[in-house]
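Student: I should like a close look at one part of this protein chain. Please describe how its domains meet and what is found around that meeting.

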Amino acid sequence: MKPLSIFVFILIISAPLRAQYNILFIESDDQSNQTVGAFGNSAINTPNIDQLVHEGVSFTSAYNMGCWSPAVCVPSRTMLFYGKYLWDSEKITPQNAPKALPELLKENGYTTYMTGKWHAWGKKPTQLFDSLGTIQPGQLKTYYTQEGHVTDITAKEAIRFIQDYDNEKPFFLYVAFNAPHVPRQTDQRYYDLYPTDKIKLPPSVIEGPLNKNIVYNYTSAPLRKKTMRSRVQQNNAMVSHMDERIGDILMALKASGTYDKTIIIFMSDHGINFGENGVAGKVCLYEPSVTAPLIIKAPGLAQGKKLHQRVYLQDITPTLLDLLDIKKPKTVSFKSLLPIIEKNKRTRSSLYLAMFDDQRGIISKDKKLILYPKSGDLELYDLATDPWETKNLTGSEASEKTISTLLDELVDWQEKTGDKIDLKKTYNHYFK
Ligand SMILES: [Ca+2]
């Protein structure tokens, strides 16, 4: 073999297996796991997201690691784009930002485009993507603009991109809906899908004073079920509206003949509480706020597989690189989900959660510990038997041991992630 043919041969055998696949990455805003029909909520109408669940792999316990300020969207999205854990992501500036996901994909032959919400630190969308649709702010004043409803605009631009695409290179299309984030405004026909008298609230929604450990709430005390039902109605209506537009985007992909050659990701940046544990907001570590849907549909990957292992939402970044056979940069600390999807392996023994200096959490073997260092309060839940976190198990001798073990694991995570808050000062009694 001549040197040139050897070179060509090596190029062919080492060509990434899936690098020619397009990527459609849809991200919603503040959408909890409760708003996906296929995740078990028969009251919500999400046929298109459900279709992705049926055709792909979904993670029903995917967590946002936390936030460094009450704006939870920003850390979640910064972690997603750069793949660094929370406290390292906090240090990202426009000057020191490592390569972001769209840049890595561009380097590997992708044409990159985004439309919708931008709310991340580091570089600007103009620096990260080849071209842009309308970039929406993190917080809209209204969804109703001269050009139409923002959910419709975002979808329309994604569809136009697909229809007009005539490049040989694969594309990375990032579609970031503002929905269902406040201000929750949509058309009456979507509200009509959810009459408030039919809305069932989870068992952890109890009327009375707000949770005193949670500072940021979107309601005033006392918490009323009536108010929460109307929030759920608005939220579900926003989600169903978005789901219809997602259906339109998927139809456009099918019409273009590229649906089966496209990796489709659907996720949200984090969830939200509508009264659960006395919280009407998202700056807390309770399950409705820290978890969100994560769905991956990819050629060659399992279909209709639901995985319950706890993972981070931002694990999707290295997963995508892994799927495309692109080397994960050293700057990426999140972990690929492929070992879990393909070999049912465990990639972590516990999950760490943090909200600035306000709250810390750890989940290990279904036991979840939440700490409030400012008040010294502490909550322990068994998520296997009590998924809505209604029974705080602190106080018994058995639970003291569990708390000590969980605290040790939490401290390990603190060291690993550069978390400086001193828990020994407040919770000394529990350290062995
Ligand atoms: Ca958000």
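Tutor: The account below begins with the two domains, moves to the nonpolar core, and ends with some details of the backbone. The model is a predicted one, and the domain assignment divides the protein chain into domain 1 (18–343) and domain 2 (350–430). Taken over C-alpha atoms, the centres of domain 1 and domain 2 are 27 Å apart. Contact between the two involves 24 residues of domain 1 and 21 residues of domain 2. On the side of domain 1 that touches domain 2, the elements giving two or more residues are β4 (66–67), α4 (86–90) and α10 (287–290). Of these, α4 gives the most, with three residues. By character, the residues on this side of domain 1 comprise 15 nonpolar, five polar and four charged.

The nonpolar core comes next. In soluble globular proteins, nonpolar side chains tend to be buried together. Here the largest nonpolar core has 117 residues. Helix α9 (residues 225–255) supplies the largest share of this core, 11 residues. Because domain 1 (18–343) and domain 2 (350–430) both give residues to this core, it lies between them. The residues with the most contacts inside the core are F25, M65, L173, V175, I249 and I265. L173 may serve as an example: leaving aside neighbours within four places in sequence, L173 is in contact with I23, L24, F25, Y113, A158 and F161. One of these partners, F25, is itself among the residues with the most contacts inside the core.

The backbone also deserves attention in the loop between β9 (171–176) and α8 (188–191), where P180 is placed. A179 and P180 are joined by a cis peptide bond, with omega about -5°. P183 lies in the loop between β9 and α8 as well, and a cis peptide bond with omega of about 0° joins V182 to P183.

Two further loops each hold a residue that is not a glycine but has a positive phi. In the loop between α11 (316–323) and α12 (338–343), D325 has a phi of about 65°. D325 counts as partly exposed because it has 13 C-beta neighbours inside 10 Å. In the loop between β17 (359–364) and β18 (367–372), K365 has a phi of about 45°. K365 has 14 other C-beta atoms within 10 Å and is therefore partly exposed.

How values were computed
Residues numbered from 1 in each chain as written. Predicted model: local features only at pLDDT ≥ 70, side-chain atom pairs only at ≥ 80, totals over all residues. Domains from an automatic or database assignment. Contact = placed C-beta atoms within 7 Å. Helix = DSSP H or I, 4+ residues; strand = E, 2+ residues; numbered from the N terminus. Nonpolar A, V, L, I, M, F, W, Y, C, P; charged D, E, K, R; others polar. Core = buried A, V, L, I, M, F, W, Y, C linked by C-beta atoms within 7 Å. Buried ≥ 20, exposed ≤ 12 C-beta atoms within 10 Å, placed from the backbone.
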